[in-house]
Amino acid sequence: AEGRVIGVVGIGQDITARIAQEQEYTRLIDTANAPIFGVDVNGKVDVWNQHASSVVGFTAEQTFGRPFVDDFITEDFRAS
C-alpha cells in the first residue's frame, strides 16, 4: 500500500444561505444611489456599481481588473 491512495476523507457544508446573502449584498451595492467601487489588495477594481458607471462613464466591465489609481485618479489627486 506504500505510495497508493487507500481512502478519501471529505467534508460537505450547505452554503445556499451564504450564497443568497452574497447575492443580496451584490444587488444592494449595484443599485445603491451612490457611486460605490472597490479595489483588491493589488489596487485593481473588483467592484463598480451602476451609479459609479453613470458618474464616471465607464461600465463595470470596462473597469474590472484595471489599476484604480493609475487609470481613474487624475495626477493632481494622486498625492492627496
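## Reading the labels: core and salt bridges

Q: What makes Val45, Trp48, Phe58 and Phe72 contacts of Thr63?
A: Contact means heavy atoms within 4.5 Å. Leaving aside neighbours within four places in sequence, Thr63 is in contact with these four residues. This is a predicted model: local features need pLDDT of at least 70, side-chain atom pairs count only at pLDDT 80 or more, and totals for chains, interfaces and linings use all residues. Residues are numbered from 1 along each chain as its sequence is written, and side-chain values use heavy atoms, leaving out hydrogens and water.

Q: Why is Thr63 called buried?
A: Buried means under 20% relative accessible area (1.4 Å probe, protein chains only), exposed means over 50%, and partly exposed lies in between. Thr63 has 0%, so Thr63 is buried.

Q: Why is Glu75 called exposed?
A: Its relative accessible area is 61%. That is over 50%, so Glu75 counts as exposed.

Q: Why is Arg78 called partly exposed?
A: Arg78 has a relative accessible area of 30%. This value falls between 20% and 50%, so Arg78 is partly exposed.

Q: What makes the pairing of Arg78 and Glu75 a salt bridge?
A: A salt bridge needs a side-chain nitrogen of Lys or Arg within 4 Å of a carboxyl oxygen of Asp or Glu. Here the N to O distance is 2.9 Å, so the pair qualifies.

Q: How do you know that Arg27 and Glu24 form a salt bridge?
A: Their side chains meet at 2.8 Å, N to O. That is within 4 Å, so the definition is met.
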